[in-house]
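Me: I'm new to reading structures, and I'd like a close look at a single part of this one. Could you walk me through it slowly and tell me what it packs against?

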Amino acid sequence: MVGVKPSLAVTIGKLELAYPTLMGSGCYGTGEEYAPFADLSKIGAIVLKSVTRLPRLGNPTPRLVHTPAGMLNAIGLQNPGLEWYLERELHKYAGRPCKLVGSVAGFSIDDYAYVCEGLAARDEIAAVELNVSCPNVASEGETFGCDAGLTGQVVRAARATTDKTLIVKLSPNVTSIAEVACEAEAAGADALAVINTVRGMAIDVETWRPRLGNVTGGLSGPAIRPIAVLAVYEVAQRVKIPIVGQGGIENLSDALEFFLAGATAVSIGTGNFTDPRIPERIVDELHEYLARRNLSGLDEIVGRANVGFATPYQYEGDEG
Ligand SMILES: Cc1cc2nc3c(=O)[nH]c(=O)nc-3n(C[C@H](O)[C@H](O)[C@H](O)COP(=O)(O)O)c2cc1C
């Protein structure tokens, strides 16, 4: 069978995406900043920066530290608050040539429901992601995503406010991410984003002080990729809803690992800081990869990692 034209379209809940690539919350602004460098029509969706009920100044500086193969950040959810966001910001994003996903953060169950309802009511927002996993505001309250029961309560409360697609973004900073995933699914999540950043710390050996103003931060980039691939794999064994895999994706090979582990779509965050063309390149090369293997779409690779003692997949292509 030669000449199959693979489709890269994916459906996440009710969210239909032309491409299986999302831009990670907090890493792509609103898209405007990237428009001069990247073709926004060549990506599936932008997940916007997380919004809270009230405005937040964020954490004291420094907020970013470079690390080998990644970075530590402790932004602290800086944002103008829901009211300002809805009244003065959101209308500017209409007309982006890709879908927009709103991201909700909060400090109580009621916060999550309130902000979710506010965002989901707007036409500019195609779906909502619940960030129950930000590691950089833990001093202000519970990280909801570190407790399966609390995650369930947050998702249930947010679910009651909207029929739009609800994605729940999970934390890797737990004993069993699959357990939290199951609670989120049972509470009505349409999809899961796996994973948010991994907690970390760096110390300046001259001053003996922590290198982040917040003392601790969240590690992202290639350094966390194997952790993220395993998390996707473990979650995929336990849930039926789609997974948006993320953590250190920089090229097609990285993205393929996530698809094979069980992700329906992938998200690119930190990679955009070094090369804004990564998402476009992944889409072009993914198309080529599927076509070369006469595969009609992503469903032919999602969750197909050969584990155990099965005969490994053998590609009998070019090298003939
Ligand atoms: C500077 C920075 C800011 C971030 N802000 C948010 C945020 O506001 N909400 C959120 O859900 N995730 C946030 N994240 C997490 C990313 O969306 C992503 O899930 C994580 O960094 C792992 O993917 P990556 O290695 O491709 O960056 C942020 C990450 C970075 C590096």
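Reply: Let's go. In this predicted model, the buried residues of helix 1 pack against strand 4, which covers residues 45-51, and against helix 2, residues 109-120. Which residues of helix 1 are the buried ones? Helix 1 runs over residues 82-89, and its buried residues are L82, Y85 and L86. Now picture looking straight down the axis of helix 1: the buried residues fall within an arc of 90°, so they line one face of the helix. And what sits on the face turned away from that buried side? There you'll find the exposed residues E83 and E87. To call a residue buried here, its relative accessible area has to be under 20%, while exposed means over 50%.

Strand 4 also helps you find another spot. The loop between strand 3 (21-23) and strand 4 holds E33. With a relative accessible area of 47%, E33 counts as partly exposed. A polar atom of the E33 side chain lies 3.3 Å from the backbone nitrogen of T30.

Next, have a look at the ligand. There are 20 residues around it, and S25, S50, G221, G248 and T270 come nearest. Some side chains make polar contacts with ligand oxygen atoms: a polar side-chain atom of K49 lies 2.9 Å from one, an N or O atom in the side chain of Q246 is 3.0 Å from one, and for N131 the distance is 3.1 Å. Taken alone, the ligand exposes 610 Å², and the protein buries 96% of that.

Terms used. Residues numbered from 1 in each chain as written. Predicted model: local features only at pLDDT ≥ 70, side-chain atom pairs only at ≥ 80, totals over all residues. Heavy atoms only, no water. Buried < 20%, exposed > 50% of the residue type's maximum accessible area, 1.4 Å probe, protein only. Helix = DSSP H or I, 4+ residues; strand = E, 2+ residues; numbered from the N terminus. Arc of directions from axis to C-beta. Contact = heavy atoms within 4.5 Å. Polar contact = N/O pair within 3.5 Å; in protein donor to acceptor, adjacent residues only side chain to side chain. Near = heavy atom within 4 Å. Areas by Shrake-Rupley, 256 points an atom, 1.4 Å probe, with all protein chains shown as cover.
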